[in-house]
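Colleague: I'm new to reading protein models, and I'd like a close look at one part of this one. Could you pick a pair of packed helices and walk me through it slowly?

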Amino acid sequence: MTDSLPDESRLHRVSVVIPVYGGEFTLGSVVEEIARFAEPSVTPDGHRYQVIETLLVYDNGRDRSDETIRELADKYPFVRPVWLSRNFGQHPATLAGMASSSGDWIVTLDEDGQHDPADMAAFLDTALRENVQLVYAEATNPPPHSAFRNLTSKGAKWLFATVLAGGATASFQSYRLVLGEVGRSVAAYAGSGVYLDVAMQWVSGEPAVCPVELREEGDRRSGYSLRRLLSHFWRLVLSSGTRGLRLVSVLGVVFALAGLGYAAYLVVASTTGDVPQGWTSTMVVVLFSTGAVLFSLGIIAEYIGVAVNMAMGKPPYLIVGDPADGPLGSRRPRPRP
């Protein structure tokens with residue numbers, strides 16, 4: 001196995017996507033930090049990269065973020081506004097920005113300043129070093145939210161990883177890097193209400209994580225109320241696939257078998273005279289009927305599961321370019337000594 005060196009002839013083109021809801025007073029400083037990387041830069045591992053565009057997706061927020069976006073577009077040539085017709089939410093806004101991007105890589109980050117754009121270089125190094133299409137930020141410090149929100153966030157991710165998705169990675173973060181063609185394909189097929197990170201893992205394979213330190217949020221109130229957070233969690237549950245429906249199917253089979261077994265026991269017990277007259281026939285009918293109903297519901301759940309996958313837009317396959325010709329193929333072999 002040969003080592004590899006960065007391909008210094010390749011320039012990795014990066015599109016930055018920022019969904020904007022309440023960034024009137026924080027967005028300017030975030031874009032100013034990104035401006036440092038609008039010229040070719042070099043990562044710690046020696047990869048050349050450049051932010052070619054920053055897509056500010058206006059999600060019809062509650063402040064004058066639209067005016068801020070216009071001012072930034074006039075000031076910086078790499079800023080591209082994306083205007084949504086109404087408020088759709090963070091994930092749909094992010095998908096809209098990804099669909100409008102053109103870079104080799106897509107980086108998504110928040111408008112509030114807690115994500116340091118300088119970490120994009122470490123994200124890119126991680127993707128190329130581990131040969132993965134998706135990289136998430138892994139906070140080395142507690143997120144700048146309340147203890148209750150941090151605890152419930154961890155609980156929701158644990159539930160997804162262990163129960164709903166059967167061991168899938170749940171290192172979800174809004175600060176992420178994804179291969180451009182994968183991100184744009186996800187934006188094209190993901191259905192309404194699909195949790196963005198679940199949709200990306202349908203086709204990107206196992207993601208990697210990159211340790212980063214989260215900064216304090218800017219001078220803005222969080223856009224997530226308790227109702228919005230619960231809605232966000234419920235979207236994760238519904239997007240996690242058909243494992244929940246499969247559990248209903250298994251439960252139906254278990255109860256059907258248990259009902260038949262207990263009915264057989266009652267028939268045998270009735271011959272000893274320990275069971276009141278009429279009790280056995282009643283319980284046999286009830287248990288057998290209940291088992292049949294639950295088994296039927298399990299079969300229906302399987303059909304619903306197929307329909308759910310189709311409704312969410314989960315593709316049976318995704319065609320991409322030759323990896324050797326793309327950003328992940330930009331490492332040339334190190335010659336043997």
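Here is the request in full, followed by one long answer.

Which residues of H6 meet which residues of H7, and how are the two helices placed against each other?

Modeller: Sure, let's start with the ground rules. This is a predicted model, in which local features need pLDDT of at least 70 and side-chain atom pairs count only at pLDDT 80 or more, while totals for chains, interfaces and linings use all residues. Residues are numbered from 1 along each chain as its sequence is written, and side-chain values use heavy atoms, with hydrogens and water left out.

First, the setting. The protein chain has 10 helices and 10 strands. Helices (H or I, at least four residues) and strands (E, at least two) are DSSP runs, numbered from the N terminus. Of the 337 residues in the chain, 45% are buried. Buried means under 20% relative accessible area, exposed means over 50%, and partly exposed is in between, using a 1.4 Å probe and protein chains only. A contact means heavy atoms within 4.5 Å. Among contacts with a separation of 6 or more, 83% join residues 24 or more positions apart.

Now for your pair. Helix H6 covers residues 180–189 and helix H7 covers residues 196–204. Their axes are 10 Å apart and the packing angle is about 120°. The axes are lines fitted to C-alpha atoms, for helices over the stretch in contact, and angles run from 0 to 180 degrees between N-to-C directions. H6 and H7 are therefore oblique to each other. For that label, angles under 35 degrees count as roughly parallel, over 145 as roughly antiparallel, 65 to 115 as roughly perpendicular, and the rest as oblique. H6 passes H7 in a right-handed crossing. A crossing is left-handed if the near helix is turned anticlockwise from the far one by less than a right angle, and right-handed if clockwise.

Who touches whom? On the H6 side you'll find Val182, Val186 and Tyr189, and they meet Leu196, Ala199, Met200, Trp202, Val203 and Ser204 of H7. Sorted by class, this contact has 8 nonpolar residues, 1 polar and no charged ones. In that sorting, Ala, Val, Leu, Ile, Met, Phe, Trp, Tyr, Cys and Pro count as nonpolar, Asp, Glu, Lys and Arg as charged, and the others, Gly among them, as polar.

Next, look at how covered each helix is. In H6, 7 of the 10 residues are buried, so this helix is largely enclosed by the rest of the structure. The buried ones are Gly180, Val182, Gly183, Ser185, Val186, Ala187 and Tyr189. H7 is mostly covered too, with 8 of its 9 residues buried. Those are Leu196, Asp197, Val198, Ala199, Met200, Gln201, Trp202 and Ser204. Just after H7 comes glycine 205, which takes a positive phi of about 80°.

One neighbour in the fold is worth finding on your screen. Phenylalanine 172 sits in the loop between helix H5 (147–164) and strand E8 (176–179). Phenylalanine 172 is buried, with a relative accessible area of 5%. Along the chain, phenylalanine 172 and leucine 196 are 24 residues apart, and their C-alpha atoms are separated by 9.6 Å.

For contrast, try another helix pair. H1 and H2 have axes 10 Å apart and pack at an angle of about 25°. That makes H1 roughly parallel to H2. H1 passes H2 in a right-handed crossing. Here Leu27, Gly28 and Val31 of H1 meet Thr68, Ile69 and Leu72 of H2. By class, that contact has 4 nonpolar, 2 polar and no charged residues.

H1 (residues 27–34) has Leu27, Val30, Val31 and Ile34 as its buried residues. They cover an arc of only 95° around the axis, which puts them on the same side of H1. That arc is the one made by the directions from the helix axis to the C-beta atoms. The buried residues of H1 pack against strand E2 (11–20), strand E4 (48–58), helix H2 (65–75) and strand E5 (79–83).
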